[in-house]
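Work through the exercises below with the sequence and coordinates at hand. Each task is followed by a stepwise solution.

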Amino acid sequence: RDMGLATKSPDQVRAMREAGLVVARTLALLRETIETGVTPRDLDAVAARTIAEAGASPSFLGYHGYPATICTSVNDVVVHGIPDDRQLRSGDVISIDCGAVVDGWHGDAAITVGVGVLAVPVARMVEACERSLAAGIAAMTPGSRLADIGSAVQDSVEASGHYGILTDFTGHGIGRAMHEPPFVPNYRTRRRGPRLEVGVVLAVEPMITLGSPEVSVEPDGWTVRTDDALPAAHVEHTVAVTADGPWVLTALDSPEPGR
Ligand code: MF3
Ligand code: CO
């Protein structure tokens, strides 16, 4: 069957842009704040204050009992790390995932940032993850298929090197809820999936590892860690399909296409 995806009107997408901008500004501030000695809990406090000062609310806090404003995933933690008091050290790589709600609309994005000096293979992995997100976003043109995103992400990752791609976690639709249908895989699938019509809004979030893609969830019910203890990267944007191409709602420098 070819069930269509839910779409947002142009005004609804513009409302989502407001949430996306809050997320973008928060992540930009966090990127500047990250340095040796800073703790993930410090970053969580900065995010909480920034989101509140924008008149927005955090999407994650209280979501299925999640205890913080952001996810801070250090080194072998891939996603959903809970901010703690361990000071960041040079060579660490940290993914920060942030969601905010404005007027009932969600924005969701993540960055992966090196602390101090990164080992070259780790720095290359971060760049590979960022390139794969850009490739996935570029596939979000009207008339393309959902599966084109995962294919573009996987092709890009494989062109960058030998990395693991998580299959246990995916991107997702987003709107009035942080998680809406469909799942957005970061890998090639057999089915081409529904069409990406104008007004479809998706959170695309590739997660890649330096070694095996096998991961386990810790007893806290959140922390997702690589089984081989090698580091991982995770980046995410909330993106709308418009007639004039993808609009990255969670990027600071991303005007509405065609405007
Ligand atoms: N960007 C993450 C996701 O889409 C945010 C969820 S983390 C949670 O899965 F803490 F809110 F659960
Ligand atoms: Co997400």
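The exercises cover one helix, backbone geometry, salt bridges and a charged patch.

This is a predicted model, in which local features need pLDDT of at least 70, side-chain atom pairs count only at pLDDT 80 or more, and totals for chains, interfaces and linings use all residues. Residues are numbered from 1 along each chain as its sequence is written, chains are lettered from A and ligands numbered from 1 in the order in which they are written, and side-chain values use heavy atoms, with hydrogens and water left out.

**Exercise 1. Compare the span of helix α3 with the expected span, and list its buried residues.**

Step 1. Helices (H or I, at least four residues) and strands (E, at least two) are DSSP runs, numbered from the N terminus. Helix α3 takes in residues 120-138, which is 19 residues.

Step 2. The expected span is 1.5 Å times one less than the number of residues. For α3, the distance from the first C-alpha to the last is 27 Å, close to the 27 Å expected.

Step 3. Buried means under 20% relative accessible area, exposed over 50%, and partly exposed in between (1.4 Å probe, protein chains only). The buried residues in α3 are Val122, Met125, Val126, Ala128, Cys129, Ser132, Leu133, Gly136 and Ile137.

Step 4. An α-helix has 3.6 residues a turn, so residues three or four places apart point the same way.

**Exercise 2. Describe the backbone at His64, His80 and the peptide bond from Pro181 to Pro182.**

Step 1. Most residues other than glycine have a negative phi, and most peptide bonds are trans.

Step 2. His64 is not a glycine, yet its phi is positive, about 50°. His64 sits in the loop between β1 (57-58) and β2 (70-74) and is exposed at 67% relative accessible area.

Step 3. For His80, phi is again positive, at about 65°. The loop between β3 (77-79) and β4 (93-102) holds His80, which is partly exposed at 24%.

Step 4. From Pro181 to Pro182 the peptide bond is cis, with omega near 0°. Strand β8 (residues 180-184) contains Pro182.

**Exercise 3. Count the salt bridges and locate the partners of Lys8, Arg14 and Arg41.**

Step 1. A salt bridge is a side-chain nitrogen of Lys or Arg within 4 Å of a carboxyl oxygen of Asp or Glu. The count by this rule is nine salt bridges.

Step 2. Lys8 pairs with Glu180 at 2.9 Å, N to O. Lys8 is in the segment before α1 (10-33) and Glu180 in strand β8, 172 residues apart. Lys8 is buried, at 10% relative accessibility.

Step 3. Arg14 pairs with Glu256 at 3.1 Å, N to O. Glu256 lies in the segment after β15 (245-248) and Arg14 in helix α1, so this pair ties together parts 242 residues apart in sequence. Arg14 is partly exposed, at 26%.

Step 4. Arg41 pairs with Asp85 at 2.6 Å, N to O. Asp85 is in the loop between β3 and β4, and Arg41 is in helix α2 (residues 40-53), 44 residues apart. Arg41 is partly exposed, at 44%.

Step 5. Through shared partners, salt bridges join Asp11, Arg14, Glu256 and Arg259 into one network.

**Exercise 4. Which residues form the negative surface patch, and where is Asp168 found?**

Step 1. Patch residues have over 30% relative accessible area and no salt bridge; like charges are joined within 9 Å, nonpolar side chains (Val, Leu, Ile, Met, Phe, Trp, Tyr) within 5 Å. Asp and Glu count as negative.

Step 2. The patch consists of Asp168, Glu214, Asp227 and Asp228.

Step 3. Asp168 is in the loop between β6 (164-165) and β7 (171-173). Asp168 counts as exposed because its relative accessibility is 54%.

Key
Accessible areas come from the Shrake-Rupley method with a 1.4 Å probe; for residues, only the protein chains shown count as cover. The place of a charge is taken as NZ of Lys, CZ of Arg, CG of Asp or CD of Glu.
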